[in-house]
2 protein chains.
Amino acid sequence: MTDNSRIGEVLSTLDAGLPQALDRLMEFLRIPSVSTDPAYAAEVRRAAEWLCAELTSLGFQAALRDTPGHPMVVAHSPKGTRRPLLFYGHYDVQPVDPLELWHHPPFEPRIEHTPQGRVIRGRGASDDKGQLMTFIEAFRAWKAVHGSLPSDLVLLFEGEEESGSPSLRPFLRENAGELRAGIAMICDTGLYADGRPAITTQLRGLCGEEIVIRAADRDLHSGSFGGLAANPVQILVNALATVKDASGRVTLPGFYEGVEELSPELRADWDALGFDPAEFLARVGLKHPVGETGRTGLEMVWNRPTFEINGITGGYTSEGFKTVLPAEARAKVSFRLTGTQDPDRIRETFRAHVRAHVPEDCTVEFHGHGASPASRMDISDPAFAAAKAALSQEWGREAAYIGAGGSIPIAGDFKEILGMDSMLIGFARDDDRIHSPNEKYDLDSFARGARSWARILAALG
Amino acid sequence: MTDNSRIGEVLSTLDAGLPQALDRLMEFLRIPSVSTDPAYAAEVRRAAEWLCAELTSLGFQAALRDTPGHPMVVAHSPKGTRRPLLFYGHYDVQPVDPLELWHHPPFEPRIEHTPQGRVIRGRGASDDKGQLMTFIEAFRAWKAVHGSLPSDLVLLFEGEEESGSPSLRPFLRENAGELRAGIAMICDTGLYADGRPAITTQLRGLCGEEIVIRAADRDLHSGSFGGLAANPVQILVNALATVKDASGRVTLPGFYEGVEELSPELRADWDALGFDPAEFLARVGLKHPVGETGRTGLEMVWNRPTFEINGITGGYTSEGFKTVLPAEARAKVSFRLTGTQDPDRIRETFRAHVRAHVPEDCTVEFHGHGASPASRMDISDPAFAAAKAALSQEWGREAAYIGAGGSIPIAGDFKEILGMDSMLIGFARDDDRIHSPNEKYDLDSFARGARSWARILAALG
């Protein structure tokens, strides 16, 4: 740590300002910026405006940038001599259903005392509003100590991450010159399961798809038509039951092309993490891994592709019983991808598989929802080692290179469109219930997250 | 036709009173007596009260009879020397969803002029309010001409037919002495497809079942858990996809025990009806029969058992996309039964089939929704021939003995509990959209239905 970074003062400033930082986060969390549901469009914009005002007050040149969907927020600190750093986060959040399972309204965040420490409870606390505020608070403290923001920062916040980021790639293309930096810092991942600080160096890709199968032109009485007329729910069920075989492998032809085995080095690192699938699953009330036979638990979630049914609906689903033969059935499904699997090609193969189940007098309609290949970072960039050391120092234990089962397509987009590598550093925990009712973010993650960014800023200085 | 039946006068009275009869039916249809949804309980009762008042005003001894569910309405005409006749109908109706597909509010019935003639449009018009009013109007006209009701009538109306009739069997047992008659007339079936009058002599049974599969104790992020944690929708889909094989046969062990082949006589009769499955399916936008290989279309719907998925739901099903690994999946399914198939035994076999798909760390819960064996009438009772002749006379063409794919468990219950055969005579048409949006009943069915009952009353006199 060099003297001119004055890192000690920056950290003290962060510690002293924590109550005010929490107040700001709570205000941000109160905005219900659910991007996937058009009913919340105005609230999504309000979250962008809140962020923009916050950054402007810190001295950034910040602006809302309209897209065909929800706006981007882009901000710049003054030019200098630093290697330019881009920071990315997303200000939109997941839907809150099933609402009845929340213990308090999801957009009325609270600080709760739990046996594991204080947590910030509310939708978006962990994914991703709490996380993106860690680096904003680090910039604020830096400025308080140094009198000015760190130079050469580019901040990019999107409002469509939870709905497939339809506007992101066009926006990166149109603003490539403005956004290109030395490296991107993406704060949307977690600590390792046991709380060890971590840099995520690989992410699974995603191919999301919605299927609508229609048979008769109306709901039919299953007495009059049952046994004679096609049932679209049965057709859908038959198609979805055959995407995986009994060993957990996806049966689509060519599906595994591009899937890569772990390098011996990473396999050794991951084995050393001591991941116990039974213990991991026990936290959500389960016991047995259901992935491909012969794979370790971490491979199943970080390095193997998979197929999941995310939602299904058709026919009568309310109270009581209705002997209806439904006119329509719908499902939302997704593949998680690894290596160099091609999402577009897998989408076509999946559609062909479904079509083969649909009789000639019925119809099937497909809607694509996001397609991103998997990402793998080049960890030979010295910035990785510097950030790893800074994280180890803040958390008092050796930081790890880990994988992630979720998709952060932005990392692939930065590489492909801006030719820029990404460092994925975040402070979420496995029990944060992201995408679920009662989402939370540990107050410790928030406070030490901000301190971590301050140290990383100094280390990359 | 004997002189003392004065049938000509009764028919003229019916014709002259048709406008008033329609007004009464419309009033009845305006009561939203949806029995399966507890929110409508008071309306179901109001429909029973309306019916009771109507019958009392006609001179019946009528009363609401409470049950643990919705009330029965029982009415008696004066004792006499006639072979006692029981008339049955149900005053409850199906739910109306999807409401957005109705062209007008389902409980604001209308008379519409269509190219095929005038129709009464609204929920319950055909199933079963319009039908039960045909015999009530016949009694009214009979009384107007003869000065008194036909003697020895027992009327039974239930309000739970569309929700599995949970109170019916106990009620029949507790009131067997009061309800037992020479034969039961059940008005809840249809004309044959081409409009030929018909007496339904066999009905499929039903075994309805609801399945709830639960995996993790919360919805999970499919990135963090996909490939490792059990997906209850996938488990459900796998179980439901294997209930039938590629030839359309149900795979459950012992399922076909008790299924009977058609008698050569009935097969000949049915073949003579000239049923064209392609033409039948074309009316609902389909082409190809999907039942068991090697069976005729009428066998598929009248004489073969089947399995249908009536509803399915799980995970995220709203607008947009959510990469959730759901905690829970639900389905409502039903088997249509024939011959002497035992619904309780089939329920157990099905449950065992589903359980075999559920891993040890997940749970499955079952809810039974109705169980009734198939019914087959003894058509050697001379009342069948008499009623057939009366129907042929009214409609100007030979009436037929037909089957029905739907369940009217009441016929089996009458046989089992009251030792009484049933005649199933109704005037619904295949395009009545019962259980679907925009249900209708032909005005011709209503008017000639009432005239048919008048003739049958005279013929059985």
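This is a short tour of a predicted model, one selection at a time.

**Stop 1: two helices in chain A**

Select helix α2 of chain A, residues 18–29. Add helix α15 of chain A, residues 443–459. Two packed helices are described by the angle between their axes and the distance between the axes. Here the angle is about 115°, and the axes are 11 Å apart. That makes α2(A) roughly perpendicular to α15(A). The crossing of α2(A) past α15(A) is right-handed.

Now show the side chains at the contact. From α2(A), pick L18(A), A21(A), L22(A) and L25(A). From α15(A), pick L443(A), F446(A) and A447(A). How many of the residues in the contact of α2(A) with α15(A) are nonpolar, polar or charged? The count is 7 nonpolar, no polar and no charged.

**Stop 2: the matching helices in chain B**

Move to chain B. Select helix α2, residues 18–29, and helix α15, residues 443–459. They pack at about 115°, with axes 11 Å apart. α2(B) and α15(B) are therefore roughly perpendicular to each other. α2(B) passes α15(B) in a right-handed crossing.

Pick out the residues that touch. L18(B), A21(B), L22(B) and L25(B) come from α2(B). They meet L443(B), F446(B) and A447(B) of α15(B). This contact holds 7 nonpolar residues, no polar ones and no charged ones.

**Stop 3: another partner for α15(B)**

Keep α15(B) on screen. Add helix α4 of chain B, residues 129–146. How are α4(B) and α15(B) placed, perpendicular or oblique? Their axes come within 8 Å and cross at roughly 55°. The two helices are therefore oblique to each other. The crossing of α4(B) and α15(B) is right-handed.

Show the contact residues next. On the α4(B) side they include M133(B), F135(B), F139(B) and W142(B). On the α15(B) side they include F446(B), A450(B), W453(B) and L457(B). The contact of α4(B) with α15(B) divides into 11 nonpolar, 4 polar and 1 charged.

Then follow the chain past this helix. G461(B) is in the segment after α15 of chain B. With a relative accessible area of 74%, G461(B) is exposed. Select A62(B) as well. The two residues are 399 apart in sequence. Their C-alpha atoms are 23 Å apart in space.

**Stop 4: aromatic rings in chain A**

Over all chains, the structure holds 42 aromatic pairs. Zoom in on F87(A) and F135(A). Their ring centres are 4.9 Å apart, with 45° between the planes. This pair is tilted. F87(A) is in strand β3, residues 85–90. F135(A) is in helix α4, residues 129–146. The pair links distant parts of the chain, 48 residues apart. Are these rings buried or exposed? F87(A) is buried, with a relative accessible area of 1%. F135(A) is buried too, at 0%.

Go on to F335(A) and F350(A). The ring centres are 5.5 Å apart and the planes stand at 75°, so this pair is edge-to-face. F335(A) is in strand β13, residues 328–337, and F350(A) is in helix α12, residues 343–355. They are 15 residues apart. Both F335(A) and F350(A) are buried.

Now return to F87(A) and F135(A), and widen the selection. Both belong to one aromatic cluster. Add F60(A), F139(A), F157(A), W395(A), F427(A) and W453(A) to complete it.

**Stop 5: backbone details**

Select D97(A) and P98(A). A cis peptide bond joins them, with omega about 0°. P98(A) is in the loop between β3 and β4 of chain A. Next, select D127(A) and D128(A). They too are joined by a cis peptide bond, with omega about 10°. D128(A) is in the loop between β5 and α4 of chain A.

Finish with two phi angles. N438(A) is not a glycine, yet its phi is positive, about 65°. This residue lies in the loop between β17 and β18 of chain A. N438(A) is buried, with a relative accessible area of 4%. In chain B, select R433(B). Its phi is also positive, near 55°, in a residue other than glycine. R433(B) is in the loop between β17 and β18 of chain B. At 26% relative accessibility, R433(B) counts as partly exposed.

Key: Residues numbered from 1 in each chain as written. Chains lettered and ligands numbered in written order. Predicted model: local features only at pLDDT ≥ 70, side-chain atom pairs only at ≥ 80, totals over all residues. Heavy atoms only, no water. Axes fitted to C-alpha atoms, helices over the stretch in contact; angles between N-to-C directions. Helix = DSSP H or I, 4+ residues; strand = E, 2+ residues; numbered from the N terminus. Parallel < 35°, antiparallel > 145°, perpendicular 65-115°, else oblique. Left-handed = near helix turned anticlockwise from the far one by under 90°. Contact = heavy atoms within 4.5 Å. Nonpolar A, V, L, I, M, F, W, Y, C, P; charged D, E, K, R; others polar. Phe/Tyr/Trp six-rings, centres within 6.5 Å; stacked < 30°, edge-to-face > 60°. Buried < 20%, exposed > 50% of the residue type's maximum accessible area, 1.4 Å probe, protein only.
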